[in-house]
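Trainee: Pick one strand of this model and take me through it slowly, please. I'd like to see how the rest of the fold hangs off it, with the cut-offs spelled out as you go.

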Amino acid sequence: TGRKMITDNGNIIELDSISRCLFLDIETVPKVNHFDNLTDNEKIVWAHFAKQIRTKYPEEKEKKDAELFWDHAALYGEFCQVVCVSLGVIVDGGKKKIASIIENDEKKLLSLLADKLSSFYATKPNGLLCGFNIFGYDLPILKTRYHMHQLQVPNPIARAQNPLWKSGVIDIMLYWQGQSRRSFINLHNLCLVLGVESPKGDIDG
C-alpha cells in the first residue's frame, strides 16, 4: 500500500502503510449482576450518573437508579467490566488478521491486552491505534479499568489524552464527522454509506 493522508480538523496524519494500524474494539457489561450488589458508596456515585442520564434522556426520567444501572452501566468505566477486546491488523496483500481476548477475569484480560500492545509496538514503534469512537469510548473505558485494577496503563492508551494529531490514534468516527455536517454518526450509518456490512450486526452500540 502506498502513502495515505488522513485529515482531521485540518490536521494531517501520514500513513506509510496501513500495516501500521492496530484496530481495537472492546465489549463491556455491568460489573455486577444486580444493582443491590454495589457498595453504598458506589450507589451514591451512580445516583449522580443516573441524574445526568435522566437529564440527557427525558424518556427515562421516570426510571429508578437500579433500572438505569442495568441499561447504562456498561458505558461507564467506573461501573463496567471489559469482557472482550478484539484486535485486528491488515498484513501485506490486504489480508485481515483478527484476534479476540475473552476473559471473565478482567485484570487478567487487561494484562493480556498490555502484552499484545507491547508486542505490536515493539515491531512497529510508529504504530497507530484505530477504532470507531475510540476516543469517546474504548480508550477512556480502558484507562479507567486499568486504574481501578491498579495496573499500569499501556503507553499507547495512556498517550491518547494528547491532541489527536499527536496521540498516535485514528478515530474513524471523528474523521468521518469532519467530512459531514452531522454532529454524530453511528457505525451502522457509516457502514451503510460505505456499502459494507456492519460488524455489530443487530447490536445497538
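Mentor: Let's take strand 4, which is mostly covered: of its 11 residues, nine are buried. Buried here means under 20% relative accessible area, while exposed means over 50% and partly exposed lies in between, using a 1.4 Å probe and protein chains only. Strands are DSSP runs of E with at least two residues, helices are runs of H or I with at least four, and both are numbered from the N terminus.

Some bookkeeping before we go on. This is a predicted model, in which local features need pLDDT of at least 70, side-chain atom pairs count only at pLDDT 80 or more, and totals for chains, interfaces and linings use all residues. Residues are numbered from 1 along each chain as its sequence is written, and side-chain values use heavy atoms, with hydrogens and water left out.

Strand 4 covers residues 80-90 and runs antiparallel to strand 5, with seven bridges joining the two. Two strands count as paired if DSSP finds at least two bridges between them. One bridge links V89 to K97 in strand 5. Strands 4 and 5 make a hairpin with five residues between them, and G93 in that turn has a positive phi of about 90°.

Now the other neighbour. Strand 3 also pairs with strand 4 in the antiparallel sense, over eight bridges. P30 sits opposite C80 of strand 4, and F23 has G88 of strand 4 as its bridge partner. F23 has a bridge partner in strand 6 too, namely C130. Strands 3 and 6 run parallel and share three bridges.

Put those pairings together and you get an open, mixed sheet of five strands, ordered 5-4-3-6-7. The edges are strand 5 (96-102) and strand 7 (169-171); each has a single partner strand, so one side of each is left without a neighbour in the sheet. From one strand to the next, the twist averages 25°.

What lies against the sheet? Helix 3 (residues 106-123) packs on it, touching strand 3 (21-30), strand 4, strand 5 and strand 6 (128-131), and its direction makes about 20° with that of strand 4. A contact means heavy atoms within 4.5 Å. The angles run from 0 to 180 degrees between N-to-C directions, with axes fitted to C-alpha atoms, for helices over the stretch in contact.

Next, the nonpolar side of things. A nonpolar core is a set of buried Ala, Val, Leu, Ile, Met, Phe, Trp, Tyr and Cys residues joined through side-chain atoms within 4.5 Å. The largest one has 26 residues, and L113, L129, L142 and I157 touch the most other members. Strand 3, strand 4, helix 3 and helix 4 (134-148) each supply at least two of its residues. Leaving out residues up to four places away in sequence, L113 touches V85, L87, I101, L142, Y146 and I157. A second, separate core of 12 residues includes I53, L68, F69 and F79.

Two charged-looking names deserve a stop. K143 lies in helix 4 and counts as buried because its relative accessibility is 18%. K143 and I157 are 14 residues apart in sequence, yet 7.0 Å apart in space, C-alpha to C-alpha. R20 sits in the loop between strand 2 (11-15) and strand 3; its relative accessible area is 12%, so R20 is buried as well. The R20 side chain reaches the backbone oxygen of N126 at 2.7 Å.

How far can you lean on all this? The chain's mean pLDDT, the predictor's confidence in each residue from 0 to 100, is 84, and 75% of residues reach 70 or more. Confidence peaks in helix 3, at 97, and is lowest in strand 1 (residues 4-8), at a mean of 44. Over residues 1-13 pLDDT stays under 50, and the model has 30 contacts there beyond four places in sequence. Where pLDDT is low, the predicted coordinates should not be read in detail.

Key:
Polar contact = N/O pair within 3.5 Å; in protein donor to acceptor, adjacent residues only side chain to side chain.
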